[in-house]
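Open the model in your viewer and keep the selection panel at hand. The tour moves from the whole chain to a single residue.

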Amino acid sequence: AEEDGPPPRLAIVPFRREALAMLGVRGSPDSIATIESALRPLGAIERHLVTQSTPRARARAWPLGALTPGVCLITSFRRKPGLDHAAFVREWHEHHTPLALETHPLAGYVRNAVDQTHGAPSPAWHGIVLESFASPEDLLHPLRFFGGGASALRGMWRVATHVPRFLDLRTLENHLVRERVLLERA
């Protein structure tokens, strides 16, 4: 969201101030290595092999290459210490995802369970989520972010009490970004 200025300093979601670019690539290891080599002069690169799932797909109604309307939240995280991988994934996929889809005004939701990481600090991320919002206000206005109206306080409580069950809250990194779709998914 740097084109729109830095993220707000005071927000319900604690945003990182550093710039972030994320590129999703599918292809052979050779083609991915070629892209990575081309991008390396731009700065530090972390490469994550992920298992991706899309609980809520966002239908594209804008031209390829144009900025996606609205904003996106990229959240990277590690699982709660002492929680094994299977329990982490079960809590994230079976409990938190339905809660997020019910509570937040999400236009799109993409989960990336990290299988392997190269070039990242240790320990690596366990999950990276891309949440799309039709308008900046859907993310930045606390009441709208948690369902609006009388249900917002209940939504805040439900999310606040669930997240510590499976995430290491000290590791959360939230980035306010804009999306640009360059190619259709195959």
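Start with everything shown; this is a predicted model. Colour by charge. The mean positions of the 22 positive and 19 negative charges of the protein lie 3 Å apart.

**Whole chain**

Switch to a surface. About 10,900 Å² is exposed, and carbon and sulfur atoms supply 58% of that area. Of the 186 residues, 33% count as buried.

Now check the dimensions. Along the principal axes, the C-alpha atoms fill a box of roughly 50 × 40 × 30 Å. The radius of gyration is 17 Å; a compact globule with 186 residues would have one near 16 Å, so the protein agrees with that expectation.

**Cartoon view**

Go to cartoon. You should find five helices and five strands. Trace them along the sequence and the pattern reads α-β-β-α-β-β-α-α-α-β. Contacts reach far along the chain: among those between residues at least 6 apart in sequence, 78% join residues at least 24 apart.

**Strand 2**

Select residues 71-77, which make up strand 2. Is this strand enclosed or not? Seven of its seven residues are buried, so strand 2 is largely enclosed by the rest of the structure. The cut-off for buried is under 20% relative accessible area.

Show the side chains. In a regular strand, side chains alternate between the two faces of the sheet. Here, Val 71, Leu 73, Thr 75 and Phe 77 are buried on one side. Cys 72, Ile 74 and Ser 76 are buried on the other. Both faces of strand 2 are therefore covered.

**The partners of strand 2**

Add residues 127-133, strand 4. Strand 4 pairs with strand 2 in the antiparallel sense, over seven bridges. Zoom in on Val 71: opposite it in strand 4 stands Phe 133.

Next add residues 173-177, strand 5. Which sense does its pairing with strand 2 take, parallel or antiparallel? The pairing is antiparallel, over five bridges. Look for Thr 75 and its bridge partner in strand 5, Asn 174.

**Last stop: Ser 132**

Return to strand 4 and select Ser 132, which has its place there. Is Ser 132 buried or exposed? Its relative accessibility is 5%, so Ser 132 counts as buried.

Now show what surrounds Ser 132, leaving aside its neighbours within four places in sequence. Two contacts are residues you have already met in strand 2: Val 71 and Cys 72. Pro 105, Leu 106, Ala 107 and Gly 108 are also in contact with Ser 132. Arg 58 and Glu 179 complete the list.

Terms used:
Residues are numbered from 1 along each chain as its sequence is written. This is a predicted model: local features need pLDDT of at least 70, side-chain atom pairs count only at pLDDT 80 or more; totals for chains, interfaces and linings use all residues. Side-chain values use heavy atoms; hydrogens and water are left out. Helices (H or I, at least four residues) and strands (E, at least two) are DSSP runs, numbered from the N terminus. The radius of gyration is taken over C-alpha atoms; the globule rule is 2.2 Å times the number of residues to the power 0.38. Buried means under 20% relative accessible area, exposed over 50%, partly exposed in between (1.4 Å probe, protein chains only). Contact means heavy atoms within 4.5 Å. Accessible areas come from the Shrake-Rupley method with a 1.4 Å probe; for residues, only the protein chains shown count as cover. Lys and Arg count as positive and Asp and Glu as negative; His and the chain ends are not counted. The place of a charge is taken as NZ of Lys, CZ of Arg, CG of Asp or CD of Glu. Two strands pair if DSSP finds at least two bridges between them.
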